[in-house]
Amino acid sequence: TWTAANIADALIEQVREQVGEKGQAICGLSGGVDSAVAAALVQRAIGDRLTCVFVDHGLLRAGEREQVQQDFVASTGAKLITVDAVDTFLGELDGVSDPETKRKIIGREFIRSFEGAVSEVLGESAAHGEAVEFLVQGTLYPDVVESGGGTGTANIKSHHNVGGLPEDLQFSLVEPLRLLFKDEVRAVGRALGLPEEIVARQPFPGPGLAIRIVGSVNQERLTLLRQADAIAREELTAAGLDGQIWQCPVVLLADVRSVGVQGDGRTYGHPIVLRPVSSEDAMTADWTRLPYDVLERISTRITNEVPDVNRVVLDVTSKPPGTIEWE
Ligand code: XMP
């Protein structure tokens with residue numbers, strides 16, 4: 001019978017065959033479910049010959065770095081290198097408001113940071129007389145179809161894969177999830193013992209919170225948005241709504257201010273936008289009819305708890321015409 005555990009075993013065996021007795025592999029972790037499950041499978045197959053690389057670009061949500069560094073490592077035993085590139089990314093993004101320019105900068109810096117970590121690993125394994133030959137990617141079946149089905153190359157659309165691959169690095173790709181759909185990947189992840197926070201994680205864009213700040217990105221704005229996002233996620237989960245929502249971007253309109261009144265004074269603060277959507281594949285989406293009491297709790301908590309935010313608005317646009325993200 002085909003259970004998730006059986007599928008996991010078969011995939012682990014395939015990875016073992018592909019990588020062989022001596023091969024070394026590298027896997028970039030994004031914090032998302034696909035790369036985590038791919039890495040967990042490869043770890044089971046080749047153990048410490050896999051090195052995972054996590055680039056912290058400073059654009060993640062609250063708790064996500066810890067999920068990778070602590071929970072992922074604890075549940076898989078994988079060897080992990082974290083690159084703390086927060087200052088570099090924020091420095092490069094300073095003053096940049098245009099969405100595509102943000103994406104380009106983040107993609108470029110991501111490759112740089114990843115390459116830096118790879119040369120470290122290469123240096124180490126070269127010293128041990130072993131070369132890193134394999135790059136693990138969490139490519140899913142829909143990605144394969146979308147990118148024309150080619151094998152062994154890294155032609156996933158850049159939109160869905162921060163920066164794509166370093167161009168001058170020559171690796172064979174290991175893509176253990178190539179034939180799976182998202183729900184199957186989640187089932188395999190659970191069978192491998194990955195924590196629910198990682199396995200059930202909703203889609204989150206590679207450029208992270210940078211494309212959820214309408215305006216330029218800085219530490220202060222990221223902190224506000226991170227707080228608002230954590231509140232929205234907490235309340236949606238507490239209300240048992242995660243299963244109905246594809247994802248719920250929380251967006252900071254950093255260049256907009258509106259007048260409010262709080263305590264005994266007038267405020268002039270920023271709006272936060274809630275963008276809950278229901279979707280099958282993110283190609284089209286409908287705005288999710290969230291219960292009013294849940295919306296009220298989120299709104300009250302965000303305006304009470306997040307400094308400089310005095311208004312919460314709900315996006316009731318489907319896709320098309322709106323995209324899911326605001327940028
Ligand atoms: P849109 O906004 O185009 O989003 O309706 C569709 C899906 O893609 C995600 N998204 C991205 N993912 N890099 C990514 O890795 C990006 O630059 C990017 N832009 C959008 C979005 O979260 C949604 O799931």
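**Sheet, core and domains of a predicted model**

User: In this predicted model, what is the strand order of the open sheet of five strands?

Analyst: The pairing within this open sheet of five strands is parallel. Neighbouring strands of the sheet are turned against each other by 30° on average, with direction ignored. Read across the sheet, the strand order is 3-2-1-4-5.

User: Which strands stand at the edges of that sheet, and why is one side of each left without a neighbour?

Analyst: An edge strand here has a single partner strand, so one of its sides is left without a neighbour in the sheet. At one of these edges, strand 5 is joined by three bridges to strand 4 (residues 132–136), the two running parallel, and L135 has L173 of strand 5 as its bridge partner. The strands at the edges are strand 3 (79–84) and strand 5 (172–174).

User: What angle does the direction of helix 3 make with that of strand 3?

Analyst: Helix 3 (residues 64–76) packs on the sheet, where it touches strand 1 (24–29), strand 2 (50–56) and strand 3. Taken against the direction of strand 3, the direction of helix 3 makes an angle of about 165°.

User: Which element gives the largest share of the largest nonpolar core?

Analyst: The largest nonpolar core has 74 residues, and A25, V37, A39 and V42 are those with the most contacts inside it. Leaving aside neighbours within four places in sequence, A25 is in contact with residues including V42, I46, V132, F134 and V174. The largest share of the core amounts to 10 residues, and it comes from helix 2 (residues 33–46).

User: Where does this core lie with respect to domain 1 and domain 2?

Analyst: The domain assignment of the chain gives domain 1 (4–199) and domain 2 (218–314), and the centres of the two, taken over C-alpha atoms, are separated by 30 Å. Five residues of domain 1 are in contact with seven residues of domain 2, and the side of domain 1 that touches domain 2 has three nonpolar, one polar and one charged residues. Because both domains give residues to the core, it lies between them.

User: How many of the five residues of strand 8 are buried?

Analyst: Strand 8 (residues 258–262) pairs with strand 9 (residues 265–274) in the antiparallel sense over five bridges, with S258 standing opposite G269. The hairpin of these strands has two residues between them, and G263 takes a positive phi near 60° in it. Strand 8 is hardly covered, and the count of buried residues among its five is zero.

Key:
Residues are numbered from 1 along each chain as its sequence is written. This is a predicted model: local features need pLDDT of at least 70, side-chain atom pairs count only at pLDDT 80 or more; totals for chains, interfaces and linings use all residues. Two strands pair if DSSP finds at least two bridges between them. Helices (H or I, at least four residues) and strands (E, at least two) are DSSP runs, numbered from the N terminus. Axes are lines fitted to C-alpha atoms, for helices over the stretch in contact, and angles run from 0 to 180 degrees between N-to-C directions. Two residues are in contact if their C-beta atoms, placed from the backbone, lie within 7 Å. A nonpolar core is a set of buried Ala, Val, Leu, Ile, Met, Phe, Trp, Tyr and Cys residues joined through C-beta atoms within 7 Å. A residue is buried if 20 or more other C-beta atoms lie within 10 Å of its own, exposed if 12 or fewer, and partly exposed in between; C-beta atoms are placed from the backbone. Domain bounds come from an automatic or database domain assignment. Ala, Val, Leu, Ile, Met, Phe, Trp, Tyr, Cys and Pro count as nonpolar, Asp, Glu, Lys and Arg as charged, and the others, Gly among them, as polar.
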